[in-house]
Amino acid sequence: MSTRIGELLETAGLVSHAQIEVAIRDQTLFPDKRLGEILVLRGWIQRETVEFFVHLWPQLLKQPNRYPLGYYLTASGLLQEEQISALLKEQEKTGIRLGALAVLRGWLKQETLTFFLRALNPKALTESAFVRKRAPIAASARAAASVRPAAVSKAKSQPPRVSDDDSSDDIPTLDDQDLEIDVAWLG
C-alpha cells in the first residue's frame, strides 16, 4: 500500500520521486510509520491530502456521477473554500476555467490539475481553458464593424483621439451582441 500511495502522490505532482525515495529510506528506520505519515512528518504534504488519496480517491473514482473540480480540490486539502470562492468569482469575470486559474495563481501545479482531469474527465484535457460564455458587445462596436471602406481609410490616416475627459462613446464595450468562447467543463 505504501508504494502505491507514493506512486499516486508522485503522479499527481504532489511529491517528487526523490521525496518518495527518502520516505522509503525513513521507513527502514521507522517501520511502524506508513509512507504517507513520513511524508506528512517531513512537511512535504498535508495529512488531509494523504487521507483523501488513501481513503476517498478510490471510492470517488468508482462513482458514476462526477462533482465539480472544486469539490475534489477542497476534499483533498489542496485548496480551501475561500480560494475556490475567489476562483469562481474570477472565473465569472474572465471566463477562464477554475483549474486553469488555480494554476495561474500558483495555488495548484499544472501536473496536479492534469492528474485530476485525466482521472475525472479526460475529455477536458483536449478542451479550451475558457468556459462557454455569452458576452454582449455594445452597439458602438457593431457600428464600427459595419463602417464603410472610405471611413476606414480615413480612420487609418488619423491617430486615435485620447484625453482624460474622453467619454466612453469611442470605446467599444460589451453589452448588446453575443460572443461565443470555447467550452470548458469544470467550474
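Q: Buried means under 20% relative accessible area, exposed over 50%, and partly exposed in between (1.4 Å probe, protein chains only). With that in hand, what does I24 count as?
A: This is a predicted model, in which local features need pLDDT of at least 70 and side-chain atom pairs count only at pLDDT 80 or more, while totals for chains, interfaces and linings use all residues. Residues are numbered from 1 along each chain as its sequence is written, and side-chain values use heavy atoms, leaving out hydrogens and water. I24 has a relative accessibility of 39%, which means that it counts as partly exposed.

Q: How many helices does the protein have?
A: Helices (H or I, at least four residues) and strands (E, at least two) are DSSP runs, numbered from the N terminus. Reading from that end, the elements run α-α-α-α-α-α-α-α-α-α. There are 0 strands, and the number of helices is 10.

Q: What share of the protein's residues counts as buried?
A: Here we look at the whole protein, with its 187 residues. The share that counts as buried is 33%.

Q: How much of the contacts with a separation of 6 or more comes from residues 24 or more positions apart?
A: Contact means heavy atoms within 4.5 Å. Among the protein's contacts with a separation of 6 or more, the part from residues at least 24 positions apart is 69%.

Q: Is D26 buried or exposed?
A: D26 is found in helix 2, which spans residues 17-29. Not counting residues up to four places away in sequence, D26 touches I38 and R42. Its relative accessibility is 8%, so D26 counts as buried.

Q: How far apart in space are I24 and L35, C-alpha to C-alpha?
A: I24, like D26, sits in helix 2. In sequence, I24 and L35 are 11 residues apart. From C-alpha to C-alpha, the distance between I24 and L35 is 6.6 Å.

Q: What is the C-alpha distance between D26 and L39?
A: Along the sequence, D26 and L39 are 13 residues apart. In space, their C-alpha atoms are separated by 9.7 Å.

Q: How far does helix 4 reach from its first C-alpha to its last?
A: Helix 4 covers residues 47-62 and has 16 residues. The expected span is 1.5 Å times one less than the number of residues, here 22 Å. The model comes close to that, reaching 23 Å.

Q: Where in helix 4 does the kink lie?
A: A bend is the angle between axes fitted to the seven residues ending at a residue and the seven starting there. In helix 4 the kink is about 50° and comes shortly before the proline P58. The residue where it lies is L56.

Q: Which residues does T49 contact, leaving aside neighbours within four places in sequence?
A: T49 belongs to helix 4. At 1% relative accessibility T49 counts as buried, and other buried residues of this helix include V50 and L60. Beyond its sequence neighbours, T49 is in contact with L14, S76, G77 and L78.

Q: What is the angle between the planes of F53 and W57?
A: Rings of Phe, Tyr and Trp (its six-membered ring) pair if their centres lie within 6.5 Å; planes under 30 degrees apart count as stacked, over 60 as edge-to-face and the rest as tilted. A search of the whole structure finds 11 such pairs. F53 and W57 form a tilted one, 5.5 Å centre to centre, with planes at 55°.

Q: Which residues do ring pairs link into a cluster with F53 and W57?
A: F53 and W57 are both buried, and they lie 4 residues apart in helix 4, about one turn. Ring pairs link these two into a cluster with F52, F115 and F116.
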